[in-house]
Amino acid sequence: MEMTDSNEIILDVTDLHIEFHDHDLPETAVEDFDLMLGKGEIVGIVGESGSGKSMSALAIAGLLNRHAISKTGRIMFQGHDLLTCDRKILRSLQGDEISIIFQEPMTSLNPVKRIGWQVEEPLYLHHPEIKKKERKQKAIDMLRAVGLENAEDVYYMYPHELSGGMRQRVMIAAAMIGNPQILIADEPTTALDVTVQAQIVQLLKKINKERGTSIIFISHDLSLVSQLCERVIVMQKGNIVESGSAAKIFAKPMHNYTKKLIAAIPKIDLD
Ligand SMILES: Nc1ncnc2c1ncn2[C@@H]1O[C@H](COP(=O)(O)OP(=O)(O)OP(=O)(O)O)[C@@H](O)[C@H]1O
Ligand SMILES: [Mg+2]
């Protein structure tokens, strides 16, 4: 495994198994999922629709808490197993130490709240000791850090006043304001056009480099993943079928499914 900053493992997922019990027969969504994430590392998860990428990500983010879902295995983070730890501990980590962003920021943002409110909310929840004025300053600084130059104006805007790319930047600002150890990005660019997609990937790279944030980047687009990630996990039907360095997988895919994914990449150079 290649690491950027050090060999310190900050997240260790072993034998993760996720099953749905909505119907008569249990349905397996994820099977034997393993992931060791190093500090400052960017790992990609690729796979076709329904392969279990989001379910794995949601489990790591502690967001799979419905009764009809059974989970086994271990998700070790900061000495806690996120599958079994106290809900209070989980809540204290969510959105502060582990953050997640999704494909469509419009559904994650609250349409009737100003951007400033949305970016400040995690601080309000996790760091109530921070005073209002400082919170606002932090939000504006964060908005600027994610590339929104008119941050003071954006602070007072509503989600519908922004473009899709700007909204995703706002989501990233909200996810990053607590300076998390891990940022999970679940298809963060799928709803965006190619140019904006590349900008968001650049932003994630910058965040990783400047803050040392470890990133789990989920996409069905292997080409995009290879631009950002040192290491890739390929999933199919709930299972990891191949994993390793992005360069190696790209040059020499072992699994037929990976070969298919690579063959499906349109021959356009985005760089
Ligand atoms: N509520 C549910 N009940 C039963 N099965 C479900 C439920 N939600 C998801 N699944 C199953 O879990 C599996 C994994 O879904 P998941 O959302 O993780 O896929 P994905 O790889 O993220 O796909 P996509 O690329 O479309 O986002 C799928 O086979 C799906 O059918
Ligand atoms: Mg998904």
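Two strands count as paired when DSSP finds at least two bridges between them. With that in mind, we can walk through this predicted model and see how its strands are joined. A good place to begin is strand 9, residues 231–236. Strand 3, which covers residues 42–47, pairs with strand 9 in the parallel sense, and 5 bridges link the two. You can find one of these contacts by looking for I45, whose bridge partner in strand 9 is I233.

Strand 9 also has a partner in strand 10, residues 239–245: these two run antiparallel and are joined by 6 bridges. Here I233 turns up again, standing opposite S243 in strand 10. Strand 9 and strand 10 form a hairpin with 2 residues between them. One residue to pick out there is K237, which lies in the loop between the two strands. K237 has a positive phi of about 45°, although it is not a glycine. K237 counts as partly exposed, because it has 15 C-beta neighbours inside 10 Å.

How many of the residues of strand 9 are buried? The count is 6 of 6, so strand 9 is largely enclosed by the rest of the structure. Both of its faces are covered: R231, I233 and M235 are buried on one side, and V232, V234 and Q236 are buried on the other.

Now let us move to strand 7, residues 182–186, where 5 of the 5 residues are buried. From this strand I182, I184 and D186 point one way, while L183 and A185 point the other way, and all of them are buried. Strand 7 pairs in the parallel sense with strand 6, residues 98–101, over 4 bridges. In that pairing, I98 stands opposite I182. Strand 7 also runs parallel to strand 8, residues 214–219, and 5 bridges join the two. To see one of these matches, look at D186, whose bridge partner in strand 8 is I218. Between these two strands in the sequence comes helix 8, residues 194–211, and together strand 7, helix 8 and strand 8 make a right-handed β-α-β unit.

A little further along the chain is S223, placed in helix 9, which covers residues 222–228. S223 is partly exposed, because 18 other C-beta atoms lie within 10 Å. S223 and V43 are 180 residues apart along the chain, and their C-alpha atoms are separated by 14 Å.

Next comes a sheet with antiparallel pairing. This open sheet has 4 strands, in the order 2-1-4-5. Its edge strands are strand 2 and strand 5 (80–81), each of which pairs on one side only. Inside the sheet, strand 1 (residues 9–20) and strand 4 (residues 69–77) pair in the antiparallel sense over 8 bridges. V13 and I75 of strand 4 stand opposite each other. Strand 1 also contains D15, which has a positive phi of about 50° although it is not a glycine. Is D15 buried or exposed? D15 counts as exposed, because it has 11 C-beta neighbours inside 10 Å.

Strand 2 brings us to ligand 1. Which residues are the closest to this ligand? They are F20, A29, S49, S54 and M55, and in total 13 residues surround ligand 1. Strand 2 (27–38) and helix 1 (53–60) each supply at least two residues of this shell. Helix 1 gives the most, with 3 residues. By kind, the shell divides into 3 nonpolar, 7 polar and 3 charged residues.

Finally, take a step back to view the whole protein, which has 11 helices and 10 strands. Its C-alpha trace spans about 55 × 45 × 40 Å along the principal axes. The radius of gyration is 18 Å, which agrees with the value near 18 Å that a compact globule of 271 residues would have. Of the 271 residues, 41% are buried. Among contacts with a separation of 6 or more, 67% are between residues 24 or more positions apart.

Methods: Residues numbered from 1 in each chain as written. Chains lettered and ligands numbered in written order. Predicted model: local features only at pLDDT ≥ 70, side-chain atom pairs only at ≥ 80, totals over all residues. Near = placed C-beta within 6 Å. Nonpolar A, V, L, I, M, F, W, Y, C, P; charged D, E, K, R; others polar. Buried ≥ 20, exposed ≤ 12 C-beta atoms within 10 Å, placed from the backbone. Right-handed = clockwise from strand over helix to strand, strands pointing away. Rg over C-alpha atoms; globule rule 2.2 N^0.38 Å. Contact = placed C-beta atoms within 7 Å.
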